[in-house]
Amino acid sequence: MKIAIIGTGNLGKSIAKGLITNNTITSLYLTRRHLQDVQEFDGYKNVVLTTDNIEAVKQSDILIFAVQPAHFEAILNTIKLYLTEKHVLISTITGYGIQNIENQVGTDRFIIRAMPNTAIAVGKSMTCLCCNTQGEKRIKIAEAIFNGLGHTLSIPESQMQAATVVCASGIAFWMRLIRATTQAAIQLGFDAKEAQELAMYTSEGAAHLLITNGNHPEEEIDRVTTPMGCTITGLNQMEHKGLSSSLIQGMVASFNKINAIKEEQI
Ligand SMILES: NC(=O)C1=CN([C@@H]2O[C@H](COP(=O)(O)OP(=O)(O)OC[C@H]3O[C@@H](n4cnc5c(N)ncnc54)[C@H](OP(=O)(O)O)[C@@H]3O)[C@@H](O)[C@H]2O)C=CC1
Ligand SMILES: O=C(O)[C@@H]1CCC=N1
């Protein structure tokens with residue numbers, strides 16, 4: 001696959017790392033204005049670093065856009081004359097709808113929106129996908145790319161903002177939970193490195209139980225909670241302090257913020 005990542009910042013670099021590790025690229029063009037910030041990719045076979053978005057578009061079939069929303073319109077304007085019937089446009093940009101993209105490049109283009117997360121760097125991204133009518137003819141390509149770098153779910157575009165909170169921001173939310181678990185483990189006597197090891201692998205195990213068994217979390221909780229034991233005592237204390245409520249309120253606040261930003265942009 002001949003892929004370009006237009007805007008190789010935090011997310012673009014994560015996608016690039018995943019693609020390079022996965023070895024699925026024929027060529028990979030990485031663009032940004034300050035090339036000194038992508039030098040870590042210099043020298044990789046078939047990887048080209050450039051400030052020239054038009055050149056990247058000309059040399060690639062799949063264009064993954066990973067710039068801030070404020071930069072997207074100008075970039076589309078610059079490259080649209082160079083788009084051909086081969087190009088598949090994949091936007092990871094938060095709050096920038098398919099109709100806005102079609103307004104720039106036309107409805108006859110293959111347009112897909114993807115909402116991955118930074119775990120794409122290690123092949124573990126939960127990525128939600130949606131597309132325009134034309135894009136349905138190329139959605140399998142996007143699924144192949146992102147399934148190779150984690151797990152995908154096709155959703156209606158109306159759920160894209162919610163997917164951003166749950167999956168993209170979700171990495172930050174889970175990091176905070178893992179950090180808090182680490183801090184508790186240190187207080188209980190482990191050194192910092194060991195504490196993080198316990199927190200990381202326990203959270204990985206918990207997620208894998210659900211992925212492998214397909215159970216509801218409470219079924220797995222029931223297997224751990226000895227009557228009158230330490231687990232239920234800890235869990236109930238966490239709920240008295242609002243653990244679930246705090247997470248839900250935080251994610252709803254995050255969702256409200258995305259919608260507010262979108263309205264400001266309109
Ligand atoms: N970070 C995340 O976890 C996720 C982010 N997203 C979305 O992805 C997009 C990118 O986010 P993120 O990576 O965090 O943002 P960053 O600001 O880290 O990256 C955007 C990059 O775009 C580059 N850029 C700006 N203008 C141009 C241009 N004209 N041509 C080429 N490159 C350009 C900038 O580099 P330079 O200044 O050198 O040009 C910058 O590094 C956003 O829309 C965000 O909402 C979606 C899911 C997850
Ligand atoms: O925090 C943000 O607004 C962006 C969208 C998802 C991840 N980063």
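A quick definition to start: a helix crossing is called right-handed if the near helix is turned clockwise from the far one by less than a right angle, and left-handed if anticlockwise. Keep in mind that the model you're looking at is predicted.

**Exercise 1. Describe how helix H3 packs against helix H4.**

Solution.
Step 1: Find the two helices. H3 covers residues 69-79 and H4 covers residues 98-105.
Step 2: Get the geometry. Two packed helices are described by the angle between their axes and the distance between the axes. For H3 and H4, the angle is about 30 degrees and the axes are 9 Å apart.
Step 3: Put a word to that angle. Angles under 35 degrees count as roughly parallel, so H3 is roughly parallel to H4.
Step 4: Work out the handedness. H3 passes H4 in a right-handed crossing.
Step 5: List who touches whom. H3 brings Phe72, Glu73, Leu76 and Asn77 to the contact, and H4 answers with Ile101, Gln104 and Val105.
Step 6: Sort these by class. The contact of H3 with H4 has four nonpolar residues, two polar and one charged.

**Exercise 2. Trace the open sheet and say which strands sit at its edges.**

Solution.
Step 1: Walk across the sheet. Its eight strands come in the order S3-S2-S1-S4-S5-S6-S7-S8, with mixed pairing.
Step 2: Look for strands that pair on one side only. Those are S3 (47-50) and S8 (150-154), the edge strands.
Step 3: Check the twist. Ignoring direction, neighbouring strands are turned by 20 degrees against each other on average.
Step 4: Zoom in on one pair. S6 (residues 110-115) and S7 (residues 125-131) run antiparallel and are joined by four bridges. Arginine 113, for instance, has cysteine 130 in S7 as its bridge partner.
Step 5: Add the helices. H1 (residues 10-22) packs on the sheet and touches S1 (2-6), S2 (27-31), S3 and S4 (62-65). The direction of H1 makes about 160 degrees with that of S1. H6 (residues 160-168) also packs on the sheet, touching S6 and S7, and its direction makes about 40 degrees with that of S6.

**Exercise 3. Set the two UniProt domain annotations against the secondary structure.**

Solution.
Step 1: Take residues 2-93, which UniProt (unreviewed entry) annotates as "domain: Pyrroline-5-carboxylate reductase catalytic N-terminal". That span is 33% helix and 24% strand, and its end C-alpha atoms lie 21 Å apart.
Step 2: Take residues 157-258, where UniProt (unreviewed entry) places "domain: Pyrroline-5-carboxylate reductase dimerisation". Here you get 82% helix and 0% strand, with the end C-alpha atoms 14 Å apart.

Methods:
Residues are numbered from 1 along each chain as its sequence is written. Chains are lettered from A and ligands numbered from 1 in the order in which they are written. This is a predicted model: local features need pLDDT of at least 70, side-chain atom pairs count only at pLDDT 80 or more; totals for chains, interfaces and linings use all residues. Side-chain values use heavy atoms; hydrogens and water are left out. Axes are lines fitted to C-alpha atoms, for helices over the stretch in contact, and angles run from 0 to 180 degrees between N-to-C directions. Angles under 35 degrees count as roughly parallel, over 145 as roughly antiparallel, 65 to 115 as roughly perpendicular and the rest as oblique. Contact means heavy atoms within 4.5 Å. Ala, Val, Leu, Ile, Met, Phe, Trp, Tyr, Cys and Pro count as nonpolar, Asp, Glu, Lys and Arg as charged, and the others, Gly among them, as polar. UniProt positions are given in the numbering used here, feature names are shortened, and annotations may be inferred rather than shown by experiment. Two strands pair if DSSP finds at least two bridges between them.
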